[in-house]
Amino acid sequence: MTTPIVRASTQLSLKGKTALVTGAARGIGKRIAEVFADAGASVVIADLRLADAQATADAIAQKGVKTLAVAMDVTDEAAVDAGFAQVQQQLGAVDIMVSNAGIQIVAPIEDFKFSDWKKLIAVHLDGGFLTSRAAVRQMIASGRGGSIIFMGSVHSKEASKLKSPYVAAKHGLEGLAKVIAKEGAAHGIRSNLICPGFVRTPLVEKQIPEQAQELGISEEEVVRNVMLKDTVDGQFTTVDDVAQAALTFAAWPSNALTGQSLVVSHGWFMQ
Ligand code: NAD
């Protein structure tokens with residue numbers, strides 16, 4: 001008698017899991033929430049903009065999963081803790097948390113306003129800290145552990161002109177992801193970083209004319225000669241590319257994948 005071949009499932013499942021994604025009203029975070037819902041997770045759309053978060057949550061609920069929209073400014077300790085408490089009460093402890101909310105401000109360092117530096121650092125680093133701390137607390141208390149995913153960037157690895165606080169913050173998130181991987185292991189908590197190349201979301205659409213003005217070149221040149229110059233194929237990364245990477249980190253069943261960063265950038269940056 002031959003032994004039946006057991007094949008690994010190619011369908012990553014998040015059934016029975018609750019996932020919170022920050023900045024998920026639109027852009028990359030929204031697509032991550034949709035893909036998590038397709039994999040069976042209950043999803044929480046946490047965003048500054050509650051009306052848009054609610055619209056996203058309502059659309060995703062059509063897939064037959066539980067959804068919740070939460071108003072959350074990730075730079076505000078009380079708002080983050082209140083948002084996570086609301087999730088605990090309505091859906092139970094989070095199993096997956098994607099710290100994705102982000103902003104971009106571009107200027108040469110000699111002109112960079114300190115207030116803009118602090119604003120950007122607060123969204124990315126204070127936000128990453130406050131949301132991961134709240135998630136870790138729930139994951140420890142539930143006894144189930146979980147998966148923390150930070151939205152880094154190729155700018156977690158590389159620098160570009162005009163982006164001093166963004167590059168500093170995205171490098172910082174790699175460090176935070178590694179610390180949580182070490183501290184979280186005892187509780188079954190994994191922590192990883194996704195590093196996308198340029199994705200054509202509102203965050204990038206806004207930068208194209210701004211960079212054209214700062215660099216004195218056309219918008220088409222910004223796309224071709226600045227944003228996509230070092231890719232292997234001149235292509236933007238897509239929200240789907242990033243969401244599939246997030247699904248892999250969310251569903252991975254062991255500590256084999258923790259403290260890692262995955263660069264999703266059409267070869268712009270090769271590790
Ligand atoms: P986006 O502007 O389309 O969406 C960002 C979302 O975050 C918005 O819904 C916004 O309301 C929300 N947000 C902003 N500040 C917030 C705050 N203080 N609290 C809660 N929510 C807040 O941006 P995106 O392109 O989808 O970017 C998402 C993440 O991906 C960011 O961290 C960004 O740095 C990162 N990223 C983007 C690209 C890209 O090319 N678009 C590349 C690499 C990394």
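Modeller: A polar contact is a pair of N or O atoms within 3.5 Å. The model discussed here is predicted, so local features need pLDDT of at least 70 and side-chain atom pairs count only at pLDDT 80 or more, whereas totals for chains, interfaces and linings use all residues. Residues are numbered from 1 along each chain as its sequence is written, and side-chain values use heavy atoms, with hydrogens and water left out.

Biologist: How far is the polar side-chain atom of aspartate 73 from a nitrogen atom of the ligand?

Modeller: The separation is 3.0 Å. Lysine 170 also places a side-chain N or O atom 3.0 Å from the ligand, there from an oxygen atom. Valine 199 contributes through its backbone: a polar atom of it lies 2.6 Å from a ligand oxygen. Of the 840 Å² of accessible area (Shrake-Rupley method, 1.4 Å probe) that the ligand has on its own, the protein covers 96%.

Biologist: How many residues surround the ligand, and which are the closest?

Modeller: A residue is near the ligand if one of its heavy atoms lies within 4 Å. There are 29 surrounding residues, the closest being Asp47, Asn100, Tyr166, Val199 and Thr201.

Biologist: Which helices supply at least two residues each of this shell?

Modeller: Helices are DSSP runs of H or I with at least four residues, strands are runs of E with at least two, and both are numbered from the N terminus. Helix 1 (27–38), helix 5 (164–184) and helix 6 (202–215) each do so. Helix 6 gives the most, with three residues.

Biologist: How does the shell around the ligand divide by class?

Modeller: Asp, Glu, Lys and Arg count as charged; Ala, Val, Leu, Ile, Met, Phe, Trp, Tyr, Cys and Pro as nonpolar; the others, Gly among them, as polar. The shell has 15 nonpolar, nine polar and five charged residues.

Biologist: Which residues lie nearest the centre of the largest pocket?

Modeller: A pocket is an open set of points where a 1.4 Å probe fits, on a 1 Å grid over the protein atoms alone, with protein on both sides within 12 Å along at least five of seven lines; lining residues have an atom within 4 Å of a point. Nearest the centre are Asn100, Ala101, Gly102, Ile103 and Leu203, out of 41 lining residues. Helix 6 provides the largest share of this lining, five residues. By class, the lining holds 18 nonpolar, 15 polar and eight charged residues.

How values were computed:
Polar contact = N/O pair within 3.5 Å; in protein donor to acceptor, adjacent residues only side chain to side chain.
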